[in-house]
Amino acid sequence: MGRCALPPLPRYPTVDELGARAAALVARHPREARLRRIGTSRAGTPMWLLSVGHGSRQALVVAGPHANEPVGGATVLRLAERALADPRLTEGADATWNLLLCLDPDGLRRNEGWLTGPYTLGRYFRSFFRPGFLEQPEWLPDGAAGAALPETRALLGVQDQLRPFLQCSLHGVDVGGGFVELTDDLPGLAQRVAHTAARLGIPRELGAYDALYWPGLGPAVYRIPPPRRADLAAAITEAAVESTWFHPHRHGTLTAVVEAPMWGVAAVSDGSPPADRDAVLRAVSRTLRHDTGLLRHLLARIRPHLAAVPDTARLLAPVDDYLLVCPGLADAWDPDTGDGAAHPLPPLSTAHLAALRISGRRLALRTAGLLHQLVRAAGHDPAGALPELDRLIDEWCADYRDGCGARWIPVARQAEYQARVVLSAFELAARPTGAGSGSGGPGWESGAAVPMQRE
């Protein structure tokens, strides 16, 4: 087109960078691209929708639904560039790409302490923020009519206005592997995910904790069950509740939740039978109980000194969520105390056990990181908790690195993986039933392969 693309950022974009780069794209492509404000966050931050193309069929891509998962911002910028450069994605498909730059911009701002790097596990968890379950904008605990958050209402309005044939929600896994969750089957996607992951060196999560009780549609692709009413603990741990994933289903929308890892762990791709399933489960459960006990004790020491800390309630809400669910998870995973026939564990591979170990440690690290922030925000540490929290965070991060083999995946590669999975879902969902070749068939890879920007 004779107009140079913006150079990709070698790191995660901040809220302000997302808006500025989207505006620059529109200025360079005023006929093909538009930027409009679709809402305002609780803190007054504009929520921007970048649209590319003029087709009658709408695709909606939602970045930043979870505050600590910033890869989606880099991905939507990459997708916008692709859609502007390749008319097959717009005119050729009679499609318009609608890219929500960030669903939780206030939460993303709270992560800016680690967002621009350097990327280490310790830095990430000490600056980690993710709101409590009831403040996460994708969930609809009281149904769409009772949506309380302005961010949620903005997304629901866009869904009902556009009635997209495809919605992609862009999520990130801090430690583990990539996987996809679908509200309906999308034949061929699992093969494409496998190919993309292999080309980019991304481990696939073959036993994702999020989808532990969900049916599989293929390796690293899972079927999201229809929503149901659940108590808070079940909603947090199982996520099979009413949500903005299912809300547009009434319009014929297929939703794909696309997870991309920050630190990859090879063991989550190991589908082999475990040598001693019960021994691993006992160890994971015992560790989670032990860590939860330490954190409860630390919280009890810290809490009396937090009255003057600004925004204490928002930082304590996710701490209370995590400490609420940890004992139940430890019991559910323990072969000696699990609830057996009422909620039995599915057959478990080595990948499942690796994911459970990572998940238990994640809950502890997130809690410790939030407590660390609360003590720092207080400006003093009368309970003497900070050295102990530092020791625990360092010890648990070392277990991720040395015990699980967690390795950092460059931001550009995370975003490229996520963009290619979205493009695969778009092509498969846009294809008329029975038309064309299936995934892995002749010719599909030539369109899916896009050179990766090197860092």
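Helices here are DSSP runs of H or I with at least four residues, strands are runs of E with at least two, and both are numbered from the N terminus. The structure is a predicted model, in which local features need pLDDT of at least 70, side-chain atom pairs count only at pLDDT 80 or more, and totals for chains, interfaces and linings use all residues. Residues are numbered from 1 along each chain as its sequence is written, and side-chain values use heavy atoms, with hydrogens and water left out.

Colour the chain by pLDDT, the predictor's confidence in each residue from 0 to 100. The chain averages 91, and 92% of the residues score at least 70. Over residues 434-455, however, the pLDDT is below 50, although this stretch has 34 contacts in the model beyond near neighbours in sequence, a contact meaning heavy atoms within 4.5 Å.

Next, select helix α11, residues 350-378, and within that helix pick out H372. Is H372 buried or exposed? H372 has a relative accessible area of 5% and is therefore buried, given that buried means under 20%, exposed over 50% and partly exposed in between, with a 1.4 Å probe and protein chains only. Leaving aside neighbours within four places in sequence, H372 is in contact with R126, L386, L389, D390 and I393.

Move to L371, which is also placed in helix α11. L371 is buried, with a relative accessible area of 0%. Not counting residues up to four places away in sequence, L371 touches L295, L298, L299, I302, V319 and L389. A distance label drawn between the C-alpha atoms of L371 and A307 should read 14 Å, for two residues that are 64 apart along the chain.

From there, select helix α9, residues 277-302, whose 26 residues reach 37 Å from the first C-alpha to the last, close to the 38 Å expected at 1.5 Å a residue; the expected span is 1.5 Å times one less than the number of residues. Its buried residues are L281, V284, S285, L288, D291, T292, L295, L298, L299 and I302, and they pack against α10, α11 and α12 (386-403). An α-helix has 3.6 residues a turn, so residues three or four places apart point the same way.

Just past this helix, D311 is found in the loop between α9 and α10. D311 has a positive phi of about 60° although it is not a glycine, and with a relative accessible area of 36% it is partly exposed.

Now display the cavities, a cavity being a set of points on a 1 Å grid over the protein atoms alone where a 1.4 Å probe fits but cannot get out, with lining residues having an atom within 4 Å of a point. Searching the whole structure finds 3 cavities of 30 Å³ or more, and the largest has a volume of about 600 Å³, where grid points are joined across faces, edges and corners and a volume is the space filled by probe spheres set on the points. Which residues lie nearest the centre of the largest cavity? They are R130, Y209, D210, I236 and R366, out of 34 lining residues. The elements β5 (166-176), β6 (179-182), α8 (232-238), α10 (312-333) and α11 each supply at least two residues of this lining, and the largest share, 5 residues, comes from α10.

Finally, centre the view on G117 and P118, which are joined by a cis peptide bond with omega about 0°; P118 lies in the loop between α4 and α5 (121-127).

Technical notes
1 Å grid on protein atoms, 1.4 Å probe; cavity = no way out; pocket = protein on both sides within 12 Å on 5 of 7 lines; lining within 4 Å.
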